[in-house]
Amino acid sequence: MYPLYFFSPSLSFSLPSPLSLSLSLLSAQKLCGTNYPVSISFIVVNEFCERFSYYGMKAVLTLYFINYLHWDPNLSTAVYHAFSSLCYFTPVLGALIADSWLGKFKTIIYLSVVYVLGHIVKSVGAIPSVGDSTIHIVLSMVGLILIAFGTGGIKPCVAAFGGDQFDEEHTNERRKFFSIFYMSINGGSVLSTLITPMLRGDVQCFGGDCYALAFGVPAILMVIALVVFISGSGMYKKSPPEGNILLDVCKCMGLAIKNRWKSSKYDPKKKHWLDWAEDKYPRRLIHEIKMVLRVLVLYIPLPMFWALFDQQGSRWTLQATRMNMAFGSTFVLKPDQMQMLNALLILVFVPIFDMVVYPLIGLCRINLTPLKKMAVGMIFAALAFGSATLVEVNVTKTVVEPAPQGQCLLQVYNLAVSDVKLNIPGSNLFSQPIKSYEDPPAYQHIQLGGHNKTITMAVTQNEILYQCVQTFTEQKAYTLVLHSNGSEIVCQLATDNIHKSEKMEAYLRFINTRSEAVNITVGAVDFYVPADYGISPHNSVERKEYTNDKCTSGSQNFLITLGLLDFGASYTVILKGDPGEIILQKMEDVKANNVHIAWQIPQYVLITAGEVMFSITGLEFSYSQAPANMKSVLQAGWLLTVAFGNVIVLIVAEGAGLDQWMEFLLFAGLLVAVCIIFSIMAYFYTYVDPDELDKLFPDKTVNDDDEDNLKKNQKYHLDQTDNSMYLNPIEKRTKM
């Protein structure tokens, strides 16, 4: 789920000059007689705690926006992805600070302090007693910005700093360290996405879900991460800042553009626009930039994959809130815990793909190159959203859609002793007799032709006609209650709640047909129901089976059984019976969430398979195709594709205005189209071996003949058998 983020020129792990290292560093302590430095244990624990902190906070973020800040789903999704995007823009800043100014060690320390402050501010903003809603929003946004700068700033430094701890000759140990590092990332994410939703929902504080605790525990983990990292200070190898190649690349490209713009038609022609910078920069550097640009062009379609992938924490979590989360009679999953499935599956899929899937494909003599893998990963992600579309279509069947402008929704309860007929002028609705105490089948749309309208309806019982005059307002939902007062039919209008609870609770109200008022306690919620067809307000109650709930009428006490009040449903319970008894009849106004959360598993399986083939392969491809001093540039480009992917979701969520299933289908279709474009671009890409630069240009210069020779030698592909990320020659040009 969460790939490694290498982003530093020191990614090649070439140690500084021995003169810059103290003798104590050269004799660093090792773990249990191995070649692993003791210092890496501090780095791995730090990464585990930091990832727990980040993904634990992020797991509950969308529901926090909706349930605590009371934002609508589209705004919540947009802000969630704006935050995610910022987290992937800031690594560029972190790399510049580390490589040009502070060094990796100090950058991690200082920005971790910013990170901790962000968590603290975010947690304080989740305490209801601290200020009003405006203060909560301000504190939340400030906290998220600080967290984005903290996590993004240290993201490019930690993995590379861990690699710096190894001696030059211990390449195998270094490679295994990255596997351990990767496991710590996913281990932290699995535990955090399991635990923080429990802290949010199972612990009640300030009269509701405990978001302050759900954000506070990740803050504590980030403090622990910082303390652990500082504790190993005396054991680290700390390379000084060596300058950032990103700046050199930007300056070189800027100069080339400037010179090209100022050139005249009489100036000598150049083979490539970058050659206009050769009067100041070495031709080898210019050629290395050309190699990097070829890969960066391939990155242009990639943000669309991340636009789909990162919706697990937003749209998919919101989808889960409208599904049945119960497993048996005792265990109930929380919607934000489903994100754990991706991290769990990645731990299972990575070894399966490496040791089973890829070798089997190789036995079938299929040349599955890195770019082909990435294209297949896109297809898997598109299929995941196809699966999400099918789930969403079935989920929406339990949802009552609000009426459009100029209309309202109406259902009818006949609480009279016999059938009645209802006639609404200008419509043929309710043409069939309405049976006594019948649960209405569905809401009907009433045409108003304006903001509101007073309608005189005809009610017929036993061939006697009665008039019912009521005023309706557009875009509202109503229940028309018909009952007899002994001599005639009386009608009264009640406003309904048709929206499903975002907390996956059930809504409940009572109608009391008895002559005595009733007080009822359902769980921890009290209801007062007036006598003579009094109607209580809608209140949300926890989803569970209710038996032996307390009910008081006059001087008598009763125990009532409501049965299961299920996820997302809205119920009306009719109280009837003579004095001395209470009889219940439960109506279901809004259907319960009857699509089980297990139906989300296929989309998680598909998106995870896509991630294994797209993300991990893409990182290895980026690493292998860049010269040693340009790897940070490609890693910067890779991280920016994630950032721009989240920007795409932000734009669609706020601007498209589509039904959710149509939005899912749109994303799936866009990714398929992008995959086709990427496949065409990849077909014309030629794999290169950056190490050939040292052989072709030993004097650090390039002439035209050398460039021709380089083109002839661009016939390489990745060795995928051991994930070594090294290039091997092949006999013919490898496409895609």
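User: Why is Glu663 called buried in this predicted model?

Analyst: The model is a predicted one. Glu663 has a relative accessibility of 3%, and buried means under 20%; therefore Glu663 counts as buried.

User: What makes the contact between Glu663 and Arg315 a salt bridge?

Analyst: The closest N and O atoms of Glu663 and Arg315 are 2.9 Å apart. A salt bridge requires a side-chain nitrogen of Lys or Arg within 4 Å of a carboxyl oxygen of Asp or Glu, so the pair qualifies. This pair links distant parts of the chain, with Glu663 in helix H16 and Arg315 in helix H11, 348 residues apart. Arg315 is buried too, at a relative accessible area of 3%.

User: How do you know that Lys334 and Asp202 form a salt bridge, and what parts does the pair tie together?

Analyst: Their closest N and O atoms lie 2.6 Å apart, and the limit is 4 Å; the pair is therefore a salt bridge. Lys334 lies in the loop between strand S4 and helix H12, and Asp202 in the loop between helix H6 and strand S1, so the pair ties together parts that are 132 residues apart in sequence. Lys334 has a relative accessible area of 13% and is buried, because buried means under 20%.

User: Where do Arg284 and Glu288 lie, and what makes their contact a salt bridge?

Analyst: Both lie in helix H9, four residues apart, which is about one turn of the helix. Their side chains meet at 3.2 Å, N to O; since the cut-off is 4 Å, the contact is a salt bridge. Both residues are buried. A search of the whole structure finds 16 salt bridges.

User: Why is Lys262 called exposed, whereas Ile379 is called partly exposed?

Analyst: Lys262 has a relative accessible area of 60%, and exposed means over 50%, so Lys262 is exposed. Lys262 is found in helix H8, and a positive surface patch is formed by Lys251, Lys258, Lys262 and Lys280. Ile379, in helix H13, has 35% relative accessibility. Partly exposed covers the range between 20% and 50%; therefore Ile379 counts as partly exposed.

User: Which nonpolar patch includes Ile379, and which helix gives the most to the patch?

Analyst: Ile379 belongs to a surface patch with Leu383, Val672, Ile676, Ile680, Tyr683 and Phe684, with about 670 Å² of accessible area together. Helices H13 and H16 are the elements that give two or more residues, and H16 gives the most, with four.

Notes
Residues numbered from 1 in each chain as written. Predicted model: local features only at pLDDT ≥ 70, side-chain atom pairs only at ≥ 80, totals over all residues. Heavy atoms only, no water. Patch = residues over 30% accessible without salt bridge, like charges linked within 9 Å, V, L, I, M, F, W, Y side chains within 5 Å. Areas by Shrake-Rupley, 256 points an atom, 1.4 Å probe, with all protein chains shown as cover. Buried < 20%, exposed > 50% of the residue type's maximum accessible area, 1.4 Å probe, protein only. Lys, Arg positive; Asp, Glu negative; His and termini not counted. Charge placed at Lys NZ, Arg CZ, Asp CG, Glu CD.
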